[in-house]
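Please open the model in a viewer and set the display to cartoon. This tour proceeds by selection, one helix pair at a time.

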Number of protein chains: 2
Amino acid sequence: MDYDKLVKEFGAERFEVMPDELKDLRMAKYIVSHRDFLSISKKPFAIVSGRGPSGKFHLGHLATFMFVKQMQDKYKCRVFIPFSNDEKFLLRGISFEDAQNYAMDNLLDIIALGFDPELTDIIIDLYNLPQDLYNLAIRVSRKITYSTVKALLGFTSETNIGLSFYSAMQVAHILYPTMKYGLPSVVIVAIDQDPFIRLTRDIAEKLGYHKPGALHLGYIPSLQGEQKMSSSSPYSAIFTTDDPETVKKKVMNAFTGGRETLSLQKEKGGNPSICSVYAYLDLFGADTEQIKKDCVAGKRMCGDCKKELITLLNAFLDEHRRKREKSKNLVRKFLK
Amino acid sequence: MDYDKLVKEFGAERFEVMPDELKDLRMAKYIVSHRDFLSISKKPFAIVSGRGPSGKFHLGHLATFMFVKQMQDKYKCRVFIPFSNDEKFLLRGISFEDAQNYAMDNLLDIIALGFDPELTDIIIDLYNLPQDLYNLAIRVSRKITYSTVKALLGFTSETNIGLSFYSAMQVAHILYPTMKYGLPSVVIVAIDQDPFIRLTRDIAEKLGYHKPGALHLGYIPSLQGEQKMSSSSPYSAIFTTDDPETVKKKVMNAFTGGRETLSLQKEKGGNPSICSVYAYLDLFGADTEQIKKDCVAGKRMCGDCKKELITLLNAFLDEHRRKREKSKNLVRKFLK
């Protein structure tokens with residue numbers, strides 16, 4: 001994905017200097033650009049980061065919500081996590097039951113990350129949609145015509161009317177903390193979703209709300225070296241429910257920045273910048289500064305990194321699954 | 001309105017013989033046609049009769065819901081009354097506050113009619129929308145494309161996406177008792193709304209629900225002799241909140257079936273079939289058999305009828321307003 005092109009095309013901003021609160025976070029290097037973050041984050045604000053549950057939770061999802069959790073810790077800010085299982089049902093053709101089950105399943109992964117229940121609202125559209133969110137979506141929907149969603153999202157006359165309406169629901173998700181608590185929102189979102197942010201900023205103005213800001217994230221690489229992980233391609237992603245053997249198998253098969261032969265790697269060194277194993281070591285807390293040096297110098301082979309990642313992830317996931325089990329008792333607290 | 005044409009065009013059915021339960025009701029003569037009523041009413045069923053609150057409640061609304069209440073008494077059936085204030089907000093450009101206030105206001109008029117709270121569900125879309133109704137609307141919306149609502153309802157690309165989605169919500173209103181209680185619905189609806197019934201029957205089939213039936217009502221005449229009363233044209237309708245003097249003034253100005261002069265009327269008699277005063281005397285319980293005879297025979301003048309109607313309506317409305325006040329305590333019971 002050509003991020004420079006998108007940033008320019010969308011008219012987003014680059015950080016000249018990354019704010020102190022963000023720069024040490026593991027996800028900081030995935031922040032491509034932003035909208036109004038510097039001005040909004042000077043005062044109290046809310047983070048909106050949604051989840052479209054159409055499959056199991058994988059490490060990419062986990063890393064993103066770990067980042068959101070760290071943001072909550074740094075800024076002591078309110079976090080709103082809308083689950084758009086209505087959209088997934090309308091868009092993907094998954095069954096209604098699956099749309100509910102994936103939401104409930106993914107919810108446990110998110111709660112397990114330790115969000116503050118007093119400062120975190122989680123809403124599953126098809127499970128605990130609040131009346132005031134529906135009302136906000138209706139108010140938003142009066143400001144959006146079919147022409148607009150057609151131009152913006154490529155809808156056709158054969159698109160179902162639920163999916164058109166979901167555009168309004170998504171805008172309402174973003175504006176919900178602003179409507180409810182008077183806090184401007186910062187949306188943490190993949191950069192290619194920026195058209196929604198622009199639509200929301202436009203509508204916020206019409207409804208008299210503060211325009212939302214955004215932090216645009218680039219994609220965390222797949223284990224297979226493609227840009228984006230996919231729940232439907234099992235070898236490209238490690239799921240939080242994968243057992244240690246599966247994790248091992250997936251990491252052993254991962255795409256790395258290594259050379260064709262061991263001797264070539266010793267001679268020329270590896271390339272961490274394209275290496276998926278390196279990316280995950282980095283995201284899940286390994287000492288990547290040293291690893292990078294050794295790799296580039298030809299002193300560390302891919303097998304070493306894979307072994308370290310397997311140990312690291314299995315320890316992490318073991319702990320995560322423990323917390324995930326405990327999260328079942330916290331569901332009610334979050335789904336107010 | 002050419003009812004014969006509509007019935008034929010829509011493919012609805014006429015009653016060859018009106019069912020016993022209906023034939024003595026004051027509204028029976030306004031039943032133009034039906035869909036599947038004879039078969040559905042053989043077993044337990046639910047009535048769905050909605051209210052689009054965009055103004056105050058007038059006698060036409062009252063007569064319709066009195067009919068619904070009588071149906072509940074006769075058939076001991078469940079009644080579902082959805083208030084589509086979302087649609088009114090999206091369609092009419094009324095403010096959000098008015099959309100809520102009209103709903104709350106009209107609600108009192110409906111409760112005052114004495115519906116059985118155990119057998120009656122009332123829902124105001126922007127106030128107590130149940131999660132399972134939203135979910136049903138989402139399931140319905142996946143079955144409706146923009147092309148369909150464009151063809152069926154004349155929407156254009158400049159129609160807001162909320163209004164398109166409302167088509168799904170309306171279908172969901174109709175199917176709600178079927179989804180919730182397993183009861184087939186009979187919709188009591190103005191005949192020109194039949195396209196929605198057909199859409200719903202089509203979708204019911206796709207979702208595996210019993211197809212709804214309908215009783216199609218013709219319009220109760222306006223006091224000014226036009227076919228339809230209008231909340232926006234105050235002299236055409238008497239509102240439940242009109243005081244006795246206003247009622248008197250409106251009735252005195254009403255369109256009748258009288259002749260140009262008293263002597264002509266004594267000679268030729270009046271015409272009850274086009275007379276709005278006669279229509280209201282009939283709807284609100286006067287002995288219209290005798291009145292009709294006397295009128296046609298030239299023995300009864302319009303002034304007599306107006307005087308009787310004023311007395312009748314003011315007594316009725318006085319009692320209705322008393323019940324309306326008491327209804328405030330019942331709101332919670334109905335808005336479960």
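At roughly what angle do the axes of α8(A) and helix α10 of chain A cross? The model is a predicted one. Select residues 161–181 of chain A for α10(A), together with α8(A): the two axes cross at roughly 120° and come within 8 Å. Because of that angle, α8(A) is oblique to α10(A). The crossing of these two helices is right-handed.

Next, show the side chains at this contact. From α8(A), select D132(A), L133(A), Y134(A), L136(A), A137(A), I138(A), V140(A) and S141(A). From α10(A), the residues to select are F165(A), A168(A), M169(A), V171(A), A172(A), H173(A), L175(A), Y176(A), M179(A) and K180(A). Colouring by residue class gives 14 nonpolar, 2 polar and 2 charged residues for the contact of α8(A) with α10(A).

Now keep α8(A), residues 131–141, and add helix α5 of chain B, residues 85–92. Here the axes come within 10 Å and cross at roughly 20°. Angles under 35 degrees count as roughly parallel, so α8(A) is roughly parallel to α5(B). The crossing of α8(A) past α5(B) is right-handed.

Which residues of α8(A) meet α5(B)? Select Y134(A), I138(A), R139(A) and S141(A) on the α8(A) side, and D86(B), F89(B) and L90(B) on the α5(B) side. By class, the contact of α8(A) with α5(B) comprises 4 nonpolar, 1 polar and 2 charged residues.

Finally, leave Y134(A), I138(A) and S141(A) selected: these residues of α8(A) take part in the contact with α10(A) and also meet α5(B).

Definitions and conventions:
Residues are numbered from 1 along each chain as its sequence is written. Chains are lettered from A and ligands numbered from 1 in the order in which they are written. This is a predicted model: local features need pLDDT of at least 70, side-chain atom pairs count only at pLDDT 80 or more; totals for chains, interfaces and linings use all residues. Side-chain values use heavy atoms; hydrogens and water are left out. Axes are lines fitted to C-alpha atoms, for helices over the stretch in contact, and angles run from 0 to 180 degrees between N-to-C directions. Helices (H or I, at least four residues) and strands (E, at least two) are DSSP runs, numbered from the N terminus. Angles under 35 degrees count as roughly parallel, over 145 as roughly antiparallel, 65 to 115 as roughly perpendicular and the rest as oblique. A crossing is left-handed if the near helix is turned anticlockwise from the far one by less than a right angle, and right-handed if clockwise. Contact means heavy atoms within 4.5 Å. Ala, Val, Leu, Ile, Met, Phe, Trp, Tyr, Cys and Pro count as nonpolar, Asp, Glu, Lys and Arg as charged, and the others, Gly among them, as polar.
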